[in-house]
Amino acid sequence: MNKDVVKAFLSLSSFTALNHGSRIVLTLCLARLLSSDEFGTFAALLALCEILLLPASMGFASSLMRISYPLYKAQQHELLRGLKHVYLAASCLFGVIFVAAVVISFQAISPHQSAKEHVVYLLLLVPIGAIMQSQSAFLVALNKPKIGLITQQCIFELLTAGFCFLVYLIRGDLSLVEICILLFCSILCVVSYQYWLIKKMIVAGTARYQTNQWCKDSLIMLASGAGTVLVAKLDVLLVHHWFGAQGVSIFFPAVVIAGLLTILGNAANQYLKPILMANENTEQQLSELMKVVWRFNFAAILLLALLAKPLLSLYGESQLQEGFWILMLLLLGQLLLPARVLASSMIKLKGNPLINLYVLLGATSVTVLMAIILKDQFGLLGVAVAFSGGFMLGALCRMVIVCTRMRLPLSVVLGLVR
């Protein structure tokens, strides 16, 4: 393996690891401080919140890299200033209206009273969270990938865990309402810090706008990316709907642990972006990276499989054996993570982003149908089988598309070009 590629990849992985390490810290803290029903409700609300972040930003959390990177390279600071105003306005105005509609709908259809009572706090959390995600992407485009990655998730989760633990020490208990308020305070701290950094990096002066084009591009990326986020969190929401908070308390720890593999996926994605946007002959570079990602991904899956029961025990898993097999099934699907990351990034940055949406619609339809069929006979294990299989189906479809329509050799995807 190319040592420079390994070094750069591990450097980015260390920063993406902070995000997922912070998720482990936060969820472990709350799993120990809350009852299983309260923890299950919190996990469902967190999943719903993360699904809503991209549409609440009107797609800018996904599109800013594609829109702002060329502006930054050309040093067009007046357009960067205008873009900053546009994404802030989109999250504040559109985000609140969109989340309000979702909250009303959720309260009407959810059969679980605790979730219905607390979902209103998404009106507080989602719009400001959308700003945080957008500003994180903006910092990456402004050639600050490490601080962009850290402020995307890590800082606010560690702050929230710290605040929750402090309140618990002082009062001896912790409610879901207090957790939501502490989440908001943590995100507000991060957003203020991001804004200060961005303001320092963009030269002061007048602003220029290309609002119609920016919004059009963002809505296209929203259509492509929102499905990805939805599918990533849909399993938790369906488990909550079908099996209640108790089911989520069993299923969610396995999801968090399997999610550690996205450390590698996110690092590869950040490494890929400048290569794909360079518009040069990049097959050798892509192959070198994919060789590294495939090997590290397999090693990480093997390690998590060996550590599965000790990791689940940290959450106080009440049904350890069932949680173990759920985790094994989820890890099986992640074997194709490297192919999915490369294919999805190529389609998003060099092809038609809507293709990702079409693949997601097809794969998700199959996944949900499988889950409906399997849940009655196999319970939570059936849901895990459905979502693991759906992930692999989506990865294979994208890989076929980039190899046939975008003429990327399969040897590059597999990291076999010498």
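In the predicted model, arginine 171 has a relative accessibility of 51% and therefore counts as exposed, the threshold for that class being over 50%. Its side chain meets that of aspartate 173 in a salt bridge, with an N to O distance of 3.8 Å, and this partner, at 39% relative accessibility, is classed as partly exposed. The pair is one of six salt bridges found in a search of the whole structure.

A further salt bridge joins the side chains of glutamate 50 and arginine 23, for which the N to O distance is 2.3 Å. This contact links distant parts of the chain, since glutamate 50 belongs to helix 2 whereas arginine 23 belongs to helix 1, which spans residues 3–33, and the two residues are 27 positions apart. Both participants are buried, glutamate 50 having a relative accessibility of 16% and arginine 23 one of 9%. Arg23 and Glu50 are, moreover, linked with Glu157 in a network of salt bridges.

The side chains of aspartate 376 and lysine 375 also meet in a salt bridge, at 3.0 Å from N to O. Here the two partners fall into opposite accessibility classes, as aspartate 376 is exposed, with a relative accessible area of 65%, while lysine 375 is buried, with a relative accessible area of 17%. Lysine 375 additionally lies over the face of tryptophan 242, at 5.2 Å from the ring centre, and thus takes part both in a salt bridge and in a contact with an aromatic ring.

Aromatic contacts were examined in the same model, and a search of the whole structure finds five aromatic pairs. Among them is the pair formed by phenylalanine 39 and phenylalanine 252, whose arrangement is edge-to-face, with 5.9 Å between the ring centres and 65° between the planes. Because phenylalanine 39 lies in helix 2 (residues 36–56) and phenylalanine 252 in helix 9 (residues 211–258), this pair ties together parts of the chain that are 213 residues apart in sequence. Both rings belong to buried residues, with a relative accessibility of 4% for phenylalanine 39 and a relative accessible area of 5% for phenylalanine 252.

Another edge-to-face pair is formed by phenylalanine 324 and tryptophan 325, with a centre-to-centre distance of 5.1 Å and an angle of 75° between the planes. Phenylalanine 324 is buried, with a relative accessible area of 15%, whereas tryptophan 325, at 45% relative accessibility, counts as partly exposed. The ring of phenylalanine 324 is also approached by a charged side chain, in that lysine 309 lies over its face at 5.1 Å from the ring centre.

With regard to cysteines, the structure holds zero disulfides. Cysteine 154 is in no disulfide, and the nearest cysteine sulfur, which belongs to cysteine 189, is 14 Å away; cysteine 154 is itself buried, with a relative accessible area of 5%. For cysteine 403, the closest cysteine sulfur is that of cysteine 397, at a distance of 12 Å. Because a disulfide requires sulfur atoms within 2.5 Å, this separation is too far for a bond. Cysteine 403 counts as partly exposed, at 22% relative accessibility.

Note on methods. Residues numbered from 1 in each chain as written. Predicted model: local features only at pLDDT ≥ 70, side-chain atom pairs only at ≥ 80, totals over all residues. Heavy atoms only, no water. Buried < 20%, exposed > 50% of the residue type's maximum accessible area, 1.4 Å probe, protein only. Phe/Tyr/Trp six-rings, centres within 6.5 Å; stacked < 30°, edge-to-face > 60°. Helix = DSSP H or I, 4+ residues; strand = E, 2+ residues; numbered from the N terminus. Lys NZ or Arg CZ within 6 Å of the ring centre and 35° of its normal. Salt bridge = Lys/Arg side-chain N within 4 Å of Asp/Glu carboxyl O.
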